[in-house]
Amino acid sequence: MNYSDLATLWNSVCRKLRSELGDPVVNSWILPLSIDKFDANTLYLNAPSMFLRDWVVNNYADKIVSCCQTENQSVKVINVSVSSANAVPEKIIAFSRFEQIKTDEVTDLSIPLDPKLTFENFVVGKPNELAYAAALRVAESDKVAYNPLFLYGAVGLGKTHLMHSIAWTIKSRLPKQRNIAYMSAEKFMYHFIKSVRYKDTMAFKEQFRSVDVLMIDDIQFICGKESTQEEFFHTFNALVDNNRQVIVSADKSPSDLNGMEERLKSRLGWGLVADIHPTTYELRLGILQSKAAACSVKIPDKVLEFIAHKITSNIRELEGALNRIIANAVFVGREITVENAREVLSDLLRTSERKVSIEEIQKKVAAHYSIKLNDMFSPRRVRQVAVPRQIAMYLAKKLTTLSLPEIGKNFGGRDHTTVLHAVKKIEELVNEDTNISEDIKLLTTILNR
Ligand code: ADP
Ligand code: MG
């Protein structure tokens with residue numbers, strides 16, 4: 001058979017396969033193949049990757065042969081080899097395949113990186129120095145230093161900023177070799193569900209397993225989503241086994257991720273776990289100074305100090321406050337003074353002042369039950385102090401953003417499991433014991449005032 005006969009044969013075979021196997025399968029697995037030659041009853045095909053070759057041979061070889069035979073009886077077997085000559089980089093194969101399957105959205109695995117989120121623009125202070133050092137180390141080391149790198153902290157403290165910074169640094173160090181995929185856990189789930197819907201999970205697996213660095217932001221999103229967790233677990237293991245870097249962020253430590261499978265929780269904690277603590281005054285001021293320096297209007301130090309003092313929740317709000325002051329100066333022509341800042345930020349100031357602290361909870365609960373404040377930290381277990389202490393832990397969980405270990409620390413260095421136990425127990429009591437549920441309602445009102 002000459003090449004043009006072969007091409008005609010292959011085209012009709014593809015058409016037949018399409019009607020028997022469906023578009024997604026043909027687009028994913030058959031179109032990437034190219035015909036090579038026909039010799040001694042054997043049709044020789046080339047596949048662009050080993051993975052694709054194996055998959056085709058194991059799943060579609062018989063179908064391909066039978067379709068060939070309806071065109072040309074003499075085809076008895078197929079032989080698929082991996083050809084480096086027409087090999088397309090894995091990434092491109094995966095993308096073009098996705099393009100053919102779904103036309104309604106972006107095909108790149110990684111979402112675009114924000115050029116402002118770099119290590120240079122990240123202000124380092126006590127609360128984030130560990131996370132920063134770990135991120136820098138992962139970004140700059142040639143070997144996989146820690147796997148996974150797990151960054152966690154409350155919202156708005158710089159997790160996403162650090163992840164983008166790592167991606168930028170790796171991209172600039174190794175522009176060609178590294179295939180970096182950065183995305184939110186939500187996006188990961190979306191890709192996964194889509195692949196299930198299009199019956200194309202193998203393409204999904206191949207696509208994700210071909211990355212060098214996988215970064216999943218806000219992994220807590222898949223808590224309680226079992227099949228996505230399962231898929232992530234396998235992707236994760238495959239990458240780690242192949243010495244690829246995995247970086248994950250969350251709003252809690254691995255052990256505090258409720259609704260996450262135990263084996264995944266434990267796996268996530270195997271590498272380096274670095275937390276970002278709530279900001280300190282120094283860090284907030286440092287960040288404001290660096291942002292103010294980059295801006296065209298002059299902002300008096302007093303105003304920066306005022307904002308750093310008042311907006312304590314997180315860095316996103318801090319930036320928001322500064323931007324609002326700048327906008328008022330630039331667009332409304334309002335002079336930048338502490339008085340004006342107070343007015344411009346009045347709503348933010350109110351919410352940040354309303355925040356409940358753990359000390360307040362302990363004080364109010366102790367006073368309510370007429371026990372000593374010290375009993376909140378003491379090891380005493382008599383019921384008269386143990387129950388109020390558990391109520392205080394429960395309220396700390398409900399009313400603050402602190403994690404279980406952090407709450408435990410504040411109650412005389414107790415373990416997070418003790419806190420968890422307390423929270424569960426009080427949750428039960430609230431349903432069974434009207435006295436306790438009334439107490440909790442009252443305390444919550446007092447604390448939220
Ligand atoms: P998270 O992902 O933890 O919710 P982000 O990384 O989105 O928080 O940070 C919120 C905002 O604060 C972003 O605009 C980010 O650039 C800024 N930011 C956070 N940490 C720092 C820092 N240390 N220095 C400068 N800007 C920061
Ligand atoms: Mg984030």
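Two strands count as paired if DSSP, a program that assigns secondary structure, finds at least two bridges between them. Keep that in mind as we walk through this model, which is a predicted one.

Let's begin with strands S1 and S2. They run antiparallel, and 5 bridges join them. To see one of these bridges for yourself, find Ile35: its bridge partner in S2 is Leu45. Together S1 and S2 make a hairpin, with 2 residues between the strands. Ala40 sits in that loop between strand S1 (34-39) and S2. What is the sign of phi at Ala40? Phi there is positive, near 50°, even though Ala40 isn't a glycine. That's worth a second look, because most residues other than glycine have a negative phi.

Now stay with S2 and look at its partnership with another strand. Strand S2 (residues 42-47) also pairs with strand S3 (residues 77-82), this time in the parallel sense, over 6 bridges. One pair to pick out is Leu43 and Ile78, the latter being its bridge partner in S3. How does the chain get from S2 to S3? It passes through helix H3 (residues 50-71), giving a β-α-β crossover that is right-handed.

Further along the chain, there's another backbone feature to find. Go to the loop between helix H5 (129-140) and strand S4 (149-152), where you'll meet Pro148. The peptide bond joining Asn147 to Pro148 is cis, with omega at about -5°. Again, compare that with the general rule: most peptide bonds are trans.

Finally, let's visit ligand 1. Which residues are closest to it? The answer is Val123, Gly156, His161, Arg316 and Glu319, out of 18 residues that surround ligand 1. Some of the contacts involve oxygen atoms of the ligand. A backbone N or O atom of Gly156 is 2.7 Å from one oxygen atom of ligand 1, and a polar backbone atom of Gly158 lies 3.1 Å from an oxygen atom of ligand 1. Thr160 uses its side chain instead: a polar atom there is 2.8 Å from an oxygen atom of ligand 1. On its own, ligand 1 has 550 Å² of accessible area, and the protein covers 91% of that.

Where does the shell come from? Helix H6 (159-173), helix H11 (281-293) and helix H13 (315-332) each give two or more residues to it. Domain 2 (119-276) and domain 3 (281-352) each supply at least three residues to the shell. Sorted by class, the shell holds 8 nonpolar, 6 polar and 4 charged residues.

How values were computed:
Residues numbered from 1 in each chain as written. Chains lettered and ligands numbered in written order. Predicted model: local features only at pLDDT ≥ 70, side-chain atom pairs only at ≥ 80, totals over all residues. Heavy atoms only, no water. Near = heavy atom within 4 Å. Polar contact = N/O pair within 3.5 Å; in protein donor to acceptor, adjacent residues only side chain to side chain. Areas by Shrake-Rupley, 256 points an atom, 1.4 Å probe, with all protein chains shown as cover. Helix = DSSP H or I, 4+ residues; strand = E, 2+ residues; numbered from the N terminus. Nonpolar A, V, L, I, M, F, W, Y, C, P; charged D, E, K, R; others polar. Domains from an automatic or database assignment. Right-handed = clockwise from strand over helix to strand, strands pointing away.
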